[in-house]
Amino acid sequence: MDGRYGDSTRSVKAAGSEAIPGSPVSPPPVPASTYHLSPDETEPLDSYGRSSNPTWRQLESALAELEGAAKALTFGSGMAAITSVLRVLAKPGTKLVVPADGYYQVRRYAAEYLAPQGVTVVEAATPDICAASSDADVVLAETPANPGLDVVDLHRLAMTCRGRGATLVVDNTTATPLGQQPLSLGADLVVASATKALSGHSDLVAGYVAGSHEELMSAVERDRLLAGPVLGAFEAWLVLRSLGSAGLRFERQCHNAQSLAVMLRAHPAVRSVRYPGLPDDPSHSIATLQMRRFGGLVAVELKDAAAVHALVERSALIIASTSFGGIHTSVDRRARWGDPVSDGFARISLGIEDTDDLIADFEQALG
Ligand SMILES: Cc1ncc(COP(=O)(O)O)c(C=O)c1O
């Protein structure tokens, strides 16, 4: 797509349909497991629901467009997308690097399923991932990492991986393709959860893989066919429908996050704040180079767990929920899920509420 376009134009165009007179502007979902076959056994485009689906195809071409990829493949969840890629790449004897400060279920999958099969799994904190990757075969990076929001220099990491012939996979969930395009910075594959800001309404679970290496993408597609972690047609349609407003929503979420981070930084009840958009954040300089927007998440450290509970109880706008990227502003105390953070650490996901209302609400709720 033309690089001159802004994020809302990109997302509206990506979610749009071909202008065929008489066809719906917003294409309906096609829920189907079985399709009519041709009597002469020539293969039609769609034959069975685990192999392909017209609604997936529309969503996949929109996601490929946004990620700047030749191809995208949808999955039933972000974890389904990530584990499919890991099954393809991490074979016995390979060394796999995963983020020690990234989404915790990925570390669990690597430790519980891949390590017992002979994959050497190394966990490295995002700021150390380049150094840990110098002798790796597969590197999975997450940037900004969830929940600590450290950012890795993707171009440098891609150079490290290329020098060694390693495959670089980047989880683009927190930034979204509207915030950064890892493939253009040298990543081999993007994996992501579309459950978060891309769909943005907290009403579905979905994931995708995007890339331009034909062989790699074919291997992932084959794994999806054989393992079967597919997305339902209705969910695919909901993601596609939501994509049209993703630029608008993400712009507001990022603006709310920046405003809240500035306010929290000056608040006496707050011990520390991480947001890549803060000029003195350790990730700011690299984030400025590789991100179009700094994202809708803010990481904050309060005194203890009770302080996080009190924040939610006193607030009129914030909800307590895990996951992020939805239209509602939410708070999640990550130590409860076992993340290696302090008891008072909370990940705040900014919604699309009016900025002034949110700031006033946080101020009164912090006391
Ligand atoms: C960074 C990141 N990647 C992947 C996932 C997994 O996505 P899903 O919940 O759609 O399986 C999550 C979920 O929170 C996440 O935060």
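# Getting to know a predicted fold

Me: This is a predicted model, so where do I start: which residues have the most contacts inside the largest nonpolar core?

Reply: Let's go straight to the inside of the predicted model. The largest nonpolar core has 72 residues. Those with the most contacts inside that core are Leu157, Leu168, Leu243, Leu264, Val298 and Ile348.

Me: Which helix gives the most to this core?

Reply: The top contributor puts eight residues into the core. Its stretch of the chain is residues 246-265, and that is helix 9.

Me: How many residues are in the second, separate core?

Reply: This one is separate from the core we just met. Among its members are Ala110, Val119, Leu140 and Val169. In soluble globular proteins, nonpolar side chains tend to be buried together. The second core has 26 residues.

Me: Back to Leu243: what is it in contact with, leaving aside neighbours within four places in sequence?

Reply: Leu243 is one of the residues with the most contacts inside the largest core. Skip the neighbours within four places in sequence, and its contacts include Ser11, Ala15 and Arg249. The rest of the list is Leu59, Ala62, Leu63, Leu66 and Leu198.

Me: Does Thr74 count as buried or exposed?

Reply: First, find Thr74 in strand 1, residues 71-75. Not counting residues up to four places away, Thr74 touches Trp56, Leu59, Glu60, Leu63, Gly207, Tyr208, Arg224 and Leu231. Its relative accessibility is 0%, and the cut-off for buried is under 20%. Therefore Thr74 counts as buried.

Me: And what about Glu41, buried or exposed?

Reply: Glu41 sits in the loop between helix 1 (7-15) and helix 2 (54-67). Its phi is near 65 degrees, a positive value in a residue other than glycine. Most residues other than glycine have a negative phi. With 73% relative accessibility, against a cut-off of over 50%, Glu41 counts as exposed.

Me: How does Ser323 count in terms of accessibility: buried, partly exposed or exposed?

Reply: Look in the loop between strand 10 (319-320) and strand 11 (330-333) for Ser323. Ser323 isn't a glycine, but it has a positive phi of about 75 degrees. Its relative accessibility is 25%, and the in-between class runs from 20% to 50%. So Ser323 counts as partly exposed.

Me: Which residue does a cis peptide bond join to Pro144?

Reply: Pro144 is found in the loop between strand 4 (138-142) and helix 6 (154-164). Most peptide bonds are trans. The cis bond at Pro144 has an omega of about -10 degrees, and the residue it joins to Pro144 is Thr143.

Me: What is omega for the cis peptide bond that joins Asn146 and Pro147?

Reply: Pro147 is also in the loop between strand 4 and helix 6. A cis bond joins Asn146 to Pro147, and its omega is about 15 degrees.

Me: Zooming out, what is the radius of gyration of the chain?

Reply: The chain has twelve helices and twelve strands. For 367 residues the globule rule gives 21 Å, and the chain comes close to that, so it is as compact as a globular protein of that length. The radius of gyration is 21 Å.

Me: What share of the 367 residues is buried?

Reply: Start with the outside: the accessible surface comes to about 15,800 Å², and 53% of that belongs to carbon and sulfur atoms. As for the residues, the buried ones make up 54%.

Conventions
Residues are numbered from 1 along each chain as its sequence is written. This is a predicted model: local features need pLDDT of at least 70, side-chain atom pairs count only at pLDDT 80 or more; totals for chains, interfaces and linings use all residues. Side-chain values use heavy atoms; hydrogens and water are left out. Helices (H or I, at least four residues) and strands (E, at least two) are DSSP runs, numbered from the N terminus. The radius of gyration is taken over C-alpha atoms; the globule rule is 2.2 Å times the number of residues to the power 0.38. Buried means under 20% relative accessible area, exposed over 50%, partly exposed in between (1.4 Å probe, protein chains only). Accessible areas come from the Shrake-Rupley method with a 1.4 Å probe; for residues, only the protein chains shown count as cover. A nonpolar core is a set of buried Ala, Val, Leu, Ile, Met, Phe, Trp, Tyr and Cys residues joined through side-chain atoms within 4.5 Å. Contact means heavy atoms within 4.5 Å.
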